[in-house]
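Reader: Please take a close look at a single part of this model and describe it in connected prose, with the criteria behind each term.

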Amino acid sequence: MRSMLALATLATLATGCVSQSKYNELASENENLDSRLKEEKDARQALEAKVKELEEKLAALERDKEALTSRLTTAESRLTASAAERYALEQKNIELTALNDELAKSTRKLAEAKEALEKKSAEYENLAQSLKQEISEGKIQLSELQGRMTVQLKDKILFASGSTRVNKEGQDALVKIADALKTVQGRIIRVEGHTDDVPTPKDGPFPSNWELSLARAMAVVRALQDAGVDPTVLSAAGYGQYQPIAPNDSDKNRSLNRRIEIVLAPKSGGR
C-alpha cells in the first residue's frame, strides 16, 4: 500500500515521467518484497514456537526420566525392580533420544534461517565501511533484510531547513554512498523523500509536503548521478508526511520523520 500510494503520487506530480507499466512493475515489486518478508517472518516464528514446544517436552521427559531412574535404583537395591518399570524407563529413553534428535534438527534449522536473514551483502559491507564515521555519529542508518538494503539519512545532513539544495556535508556523504553503489549489479536504486506533518509555507515554492519530499528525492538522485551512479537504475519517490517512523508529537520525532531513504532492491526481470 505504501509503495502504491507513493508511486501514484509520483505519477500525479510528474505527469509523463513514469509509464503505467513502470508504475505496475514497482507496485508489483513492493508487494512481492512485502510478501517474502512476511513469509520469512511467519516461518521463523513457527520454527521458534516448535523449538519452544520441543524444549518443554524435553524438560518434562527429563523429569520423568529422573523420577523413573530413582524408582528403579531403589527397586534394584531392594531386589524388587519390576520388568514394567524397566520397560517404561527404556521407552522413555527411546522417546527422549528421538526428541533430542528432533530438537537438534529444529535448532539447526532456526540457526540457518537466522543466518540467512541477517546475512549482509557486499554492497552493505562496502557502504558500512565507507560511512563508518557517519553511522557512528548517528547521521546515517544502514539496514538490510532479505536482499533489500536501505540507507537512511537525516534531512539535516543533506538540506538546510525548507531547502532542496544538497549542502556540502550532504554532498560529501552522497559521494561516499555513490562510490559504493557504482558497481551495483542487478539492483534498482530508489531515493525516497519523507517529511514531518508541518505544512509548507503558503508563500513558499512548494504547495505541500508532497512536492517538497519529491524535490528533495530528485536532488539526491541528481547528486548520485553526478557522482557516477548509473542513471538507468535510479528513480525517485516522494511520500510527503504519510510514511512516518515516529509520531509527529515532538521536535525530536519530527526530526526523525524528515529523512531521505536510499533503497536498493533486486531488479525485476522486466527492467
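Author: A residue is called buried under 20% relative accessible area, exposed over 50% and partly exposed in between, with a 1.4 Å probe and protein chains only. At 10% relative accessibility, Glu134 therefore counts as buried. This is a predicted model, in which local features need pLDDT of at least 70 and side-chain atom pairs count only at pLDDT 80 or more, while totals for chains, interfaces and linings use all residues. Residues are numbered from 1 along each chain as its sequence is written, and side-chain values use heavy atoms, with hydrogens and water left out.

Glu134 belongs to helix 5 (residues 132-136); helices (H or I, at least four residues) are DSSP runs numbered from the N terminus. Leaving aside residues up to four places away in sequence, Glu134 touches Lys139, Ile140 and Lys176, where contact means heavy atoms within 4.5 Å.

Helix 7 comprises the 14 residues 168-181. With an expected span of 1.5 Å times one less than the number of residues, this helix should cover 20 Å, and its end C-alpha atoms are indeed 20 Å apart. Its buried residues include Gly170, Ala173, Leu174, Ile177, Ala178, Ala180 and Leu181. These residues lie on the same side of helix 7, because they cover an arc of only 155° around the axis, the arc being that of the directions from the helix axis to the C-beta atoms. An α-helix has 3.6 residues a turn, so residues three or four places apart point the same way.

Notes
Helix = DSSP H or I, 4+ residues; strand = E, 2+ residues; numbered from the N terminus.
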